[in-house]
Amino acid sequence: GLLLASRPEAPAAGYGLALLALAGLAQLSVQRLAALDGHPALAPATAGLAGAWALFFWELLVHTFEVPRVLLPAPSLILQALRDHAATLGSDFAQTVLKAVAAGYLLGNLLGVATAIAIDRAPFLQRGLLPLASLTSTVPLVGVAPIAVMWFGFDWPSKAAVIVLMTFFPALVSTLAGLNAAGKLEHELMHSYAAGYRRTLLDLRLPAALPFIFGALKVNATLALIGAIVAEFFGSPTSGLGFRISTEAARMNMPLVWGAIVVASVTGSLAYALLVRLERRVNFWHPSVRAR
């Protein structure tokens with residue numbers, strides 16, 4: 001009787017040991033790859049290896065413990081949903097990213113930078129515009145999204161309006177901080193050349209502000225995507241990543257929900273990586289970039 005009772009525990013114990021061994025192998029392989037130095041591709045390779053191990057354990061544990069797909073679908077099911085619904089997700093991507101996010105992101109950042117320059121040029125505006133701008137950053141997204149739908153309709157312009165509201169203040173504050181980043185000696189040198197405000201702004205202050213502006217652009221890249229997806233929860237045409245997530249979640253089609261999340265996450269990561277590369281090309285002279 002004792003022998004029969006102990007038999008089911010033996011595979012479980014062996015499985016646990018095998019799982020611990022795999023976890024140790026994963027940690028060792030990632031640490032060894034991260035310790036290497038010299039090639040620029042090592043950093044993304046390390047991140048890719050860590051991600052591959054994470055997906056492997058995710059798939060393994062979901063099948064081992066028979067986790068219901070409505071709670072956590074396996075990566076293989078998510079990949080299948082991405083393949084089977086590629087056309088649908090492509091249309092959602094175009095609606096959310098290429099229309100709403102692109103328009104709102106560009107307009108919000110341009111307005112933020114332009115308003116910062118106007119405030120810097122006329123300091124009296126700082127007492128009037130800056131408090132109003134800070135007020136826009138405190139408006140809750142769940143409150144402004146339905147209003148934007150009522151004003152601009154159910155299509156992408158209402159989502160772009162929400163994104164403008166979200167990205168405007170970070171761009172404004174970062175640009176104002178960057179315009180004041182130039183040193184006193186540089187200002188005195190421009191003054192000795194009899195440079196006016198416009199020339200000083202273009203040749204000294206805006207270049208000094210570029211690292212701050214790029215910081216805001218990187219933050220706003222994620223804010224814009226989040227804002228568009230959340231805004232689509234409050235009214236959208238029959239496409240969009242936020243619309244797809246809310247609709248398929250109501251149908252308990254969680255693999256497709258996770259597929260839409262993957263599309264949004266990859267898009268945000270690629271946008272951030274492109275901005276980092278662009279920053280390195282534009283701000284190659286800045287010490288923070290040269291030290292990388």
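Tutor: A salt bridge is a side-chain nitrogen of Lys or Arg within 4 Å of a carboxyl oxygen of Asp or Glu. This is a predicted model, in which local features need pLDDT of at least 70, side-chain atom pairs count only at pLDDT 80 or more, and totals for chains, interfaces and linings use all residues. Residues are numbered from 1 along each chain as its sequence is written, and side-chain values use heavy atoms, with hydrogens and water left out.

Student: What makes Glu248 and Arg251 a salt bridge?

Tutor: Their side chains meet at 3.2 Å, N to O. The limit is 4 Å, so the pair qualifies.

Student: Why is Glu248 called buried or exposed, and Arg251 likewise?

Tutor: Set each value against the cut-offs: buried is under 20% relative accessible area, exposed is over 50%, and partly exposed is in between (1.4 Å probe, protein chains only). Glu248 has 5%, so Glu248 is buried. Arg251 has 60%, so Arg251 is exposed.

Student: How many salt bridges does the rule give?

Tutor: The count is four. Among them is Asp120 with Arg205, at 2.6 Å, N to O. That pair links distant parts of the chain, 85 residues apart. Asp120 sits in helix H5 and Arg205 in helix H10.

Student: What makes H5 and H10 helices?

Tutor: A helix is a DSSP run of H or I with at least four residues; a strand is a run of E with at least two; both are numbered from the N terminus. H5 covers 86–121 and H10 covers 197–231. Each run meets the minimum of four, so each is a helix.

Student: Are the partners in that bridge buried or exposed, and what are the values?

Tutor: Asp120 is at 17%, so Asp120 counts as buried. Arg205 is at 9%, so Arg205 is buried too.

Student: What makes Glu279 and Lys218 a salt bridge?

Tutor: Their closest N and O atoms are 2.9 Å apart, which is within the 4 Å limit. Glu279 is in helix H12 and Lys218 in helix H10, 61 residues apart. Glu279 has 4% relative accessible area, so Glu279 is buried. Lys218 has 12%, so Lys218 is buried as well.

Student: What makes the largest pocket a pocket, and how much space lies in it?

Tutor: On a 1 Å grid over the protein atoms alone, a pocket is an open set of points with protein on both sides within 12 Å along at least five of seven lines. About 340 Å³ of space lies in the largest pocket. Its lining has 14 residues, and the closest to its centre are Val97, Val101, Tyr105, Ala221 and Ala271. A lining residue has an atom within 4 Å of a point. Helices H5, H10 and H12 (254–282) each give two or more residues to the lining.

Student: Why is there a nonpolar patch on the surface, and which residues make it?

Tutor: Ile147, Met150, Trp151 and Phe152 make it, with about 530 Å². Patches take residues with over 30% relative accessible area and no salt bridge; like charges are joined within 9 Å, nonpolar side chains (Val, Leu, Ile, Met, Phe, Trp, Tyr) within 5 Å. Met150 has 68%, so Met150 clears the 30% bar and is exposed. Met150 lies in helix H7 (residues 141–152).

Student: How do you know which spans are transmembrane?

Tutor: That comes from the record. An unreviewed UniProt entry lists several regions, including 42–61 and 129–154. Its positions are in the numbering used here, feature names are shortened, and annotations may be inferred rather than shown by experiment. In the model, 42–61 is 100% helix, with end C-alpha atoms 28 Å apart. Residues 129–154 are 85% helix, with ends 30 Å apart. The entry also places "domain: ABC transmembrane type-1" at 94–279. That stretch is 84% helix and 0% strand.

Student: What makes Glu66 and Met252 stand out in backbone angle?

Tutor: Glu66 has a positive phi of about 50° although it is not a glycine. Met252 has one of about 65°, and Met252 is not a glycine either. Glu66 lies in the loop between H3 (42–64) and H4 (75–84). Met252 lies in the loop between H11 (241–250) and H12. At 69%, Glu66 passes the 50% line, so Glu66 is exposed. At 52%, Met252 is exposed too.

Student: Why is Gly90 placed in its accessibility class?

Tutor: Gly90 has 36%, so Gly90 counts as partly exposed. Gly90 is in helix H5.

Terms used: Accessible areas come from the Shrake-Rupley method with a 1.4 Å probe; for residues, only the protein chains shown count as cover. On a 1 Å grid over the protein atoms alone, a cavity is a set of points where a 1.4 Å probe fits but cannot get out, and a pocket is an open set with protein on both sides within 12 Å along at least five of seven lines; lining residues have an atom within 4 Å of a point. Grid points are joined across faces, edges and corners, and a volume is the space filled by probe spheres set on the points.
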